[in-house]
Amino acid sequence: MALRKWPTAFGAVDYERLPAALEELARAHARRALACTGAGEPLALIDQAVSIGACAEALLKAVLAAIDIHLVRGQPAGLETTLTLAGRPEDPDRPLPDLWTVGGLEAVQVLNRATPADVHLPEALLARIVTVRDSAIHMGFVDRAESERALTDLVVLIDRVLAIRRTLGQAADWAAFWSPTHLDRVDAVLRERAEPVVELSELSEDNLALLLDAAVADADPLEVMAPVAGPPGWTARRKEAFLAFHRDRALHPTCPNERTFVITVGGRVVGAARLEPHGEEVEAGIWIGRSHRGRGIGGRVAARLRELAARSGARRVTAVTTPDNIAARRIIHTGLGARPHVEGDEVTGAAELH
């Protein structure tokens, strides 16, 4: 006889109810994480960190299981998990096989592959949640301020996951998830969380078309590519030139000239960034769509580029702009940590990395 029940903390449930059981587990962990805030008991912060991470993973897996139950299976033992999820003949010596499922960050990647690009969930949103949870579990390391920030990230993540669920036609009741006890507090967290989630992803053929769409919708061709003869605006010839440029440089199959990154804010493509090596130096470049400028995104992207440049082994990072581009000059100074130097029609900046 096949195994038909899934043992959970709330009792055994039918396989068909697994998505609902995972969501119930996520709700319980979310409320537990909030209840631990400010508690004086020594292990309360560890309990909170564990619940923050468990809530995020359980909710992501609930969405995946509702799409297709096999999406939650892990790669190391995919067949074992598939058999477990589908039901297998009972073995008296081993009634429940070892279960491997996707981790939190991998669950975000799987979810993004299974959903439309315009509702993607930024991987960066899960980063602090995972870091705080793993630090607490593996080393007993806890920091109250980091836990509070991770809890804020969790509230934002839940809001966005529920939005994705609505897009997929799944049940997504924000008020029911939190209950009246916690609703006012989490609503306030969402109102106060004004900082957008900014993420850099390596340019690929999968997201190149999205980058072109963002450029066409929100930037002038001269802001994002070399001049191409013809009438103003995004002509078919300019669009082809845009794609060809990136395929010839960052996406070249054997000798790419630079690393190009797609900038996303809240999962939506808003621009691009690049790092181009020149010996011991690496040149940084950024463009951001008009509707997303003036929000501090460029500075955060520049700081991330500086980190990536240092990690690559470069001795310094440089950038070039024009004297009238005040925003770019500010990014060079505050983001890259370089003092802009004006010489004729060019402004340059260089920051030592080692």
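**Helix packing and selected residues in a predicted model**

In this predicted model, helix H4, which spans residues 104–114, has as its buried residues Gly104, Ala107, Val108, Val110, Leu111 and Asn112. These buried residues of H4 pack against three helices, namely H2, H5 (124–139) and H6. An α-helix has 3.6 residues a turn, so residues three or four places apart point the same way.

Some overall numbers help to place these helices. The protein contains twelve helices and nine strands. It has 354 residues, and 44% of them count as buried. Where contacts join residues at least 6 apart in sequence, 61% of those contacts link residues at least 24 apart. The protein exposes about 18,100 Å², with carbon and sulfur atoms supplying 53% of that area.

Two of the helices that H4 packs against, H2 and H6, can be followed further. The axes of H2 (residues 44–67) and H6 (residues 144–167) come within 10 Å and cross at roughly 15°. Because angles under 35 degrees count as roughly parallel, H2 and H6 are roughly parallel to each other. Their crossing is left-handed. On the H2 side, the residues that meet H6 are Leu45, Gln48, Ile52, Cys55, Ala56, Leu59, Leu60, Ala62 and Val63. On the H6 side, the partners are Arg144, Ser147, Glu148, Ala150, Leu151, Leu154, Leu157, Ile158, Val161 and Arg165. By class, the residues of this contact between H2 and H6 divide into 14 nonpolar, two polar and three charged.

One of the H6 residues in that contact, Arg165, deserves a closer look. Arg165 lies in helix H6 and has a relative accessible area of 5%. Arg165 is therefore buried, since buried means under 20% relative accessible area. With neighbours within four places in sequence left aside, Arg165 is in contact with Leu59, Ala62 and Val63, among others. These three residues also appear on the H2 side of the contact with H6. The other contacts of Arg165 are with Glu23, Gln170, Ala171 and Ala172.

A second helix pair is formed by H8 (residues 205–218) and H10 (residues 236–248), whose axes come within 11 Å and cross at roughly 140°. That angle makes H8 oblique to H10, and the crossing is right-handed. From H8, the residues Glu205, Leu208, Leu211, Leu212, Ala215 and Val216 take part, meeting Lys239, Phe242, Leu243, His246 and Arg247 in H10. In this contact of H8 with H10, seven residues are nonpolar, one is polar and three are charged.

Another arginine, Arg249, sits in the loop between H10 and strand S4 (259–265). With a relative accessible area of 17%, Arg249 is buried. Leaving aside neighbours within four places in sequence, Arg249 is in contact with Pro256, Asn257, Glu258 and Glu276.

A further loop position is Gly313, found between helix H11 (297–311) and strand S7 (316–321). Gly313 has a relative accessibility of 49% and so counts as partly exposed. Gly313 and Glu281 are 32 residues apart in sequence, and their C-alpha atoms are 9.3 Å apart in space.

Definitions and conventions
Residues are numbered from 1 along each chain as its sequence is written. This is a predicted model: local features need pLDDT of at least 70, side-chain atom pairs count only at pLDDT 80 or more; totals for chains, interfaces and linings use all residues. Side-chain values use heavy atoms; hydrogens and water are left out. Helices (H or I, at least four residues) and strands (E, at least two) are DSSP runs, numbered from the N terminus. Buried means under 20% relative accessible area, exposed over 50%, partly exposed in between (1.4 Å probe, protein chains only). Axes are lines fitted to C-alpha atoms, for helices over the stretch in contact, and angles run from 0 to 180 degrees between N-to-C directions. Angles under 35 degrees count as roughly parallel, over 145 as roughly antiparallel, 65 to 115 as roughly perpendicular and the rest as oblique. A crossing is left-handed if the near helix is turned anticlockwise from the far one by less than a right angle, and right-handed if clockwise. Contact means heavy atoms within 4.5 Å. Ala, Val, Leu, Ile, Met, Phe, Trp, Tyr, Cys and Pro count as nonpolar, Asp, Glu, Lys and Arg as charged, and the others, Gly among them, as polar. Accessible areas come from the Shrake-Rupley method with a 1.4 Å probe; for residues, only the protein chains shown count as cover.
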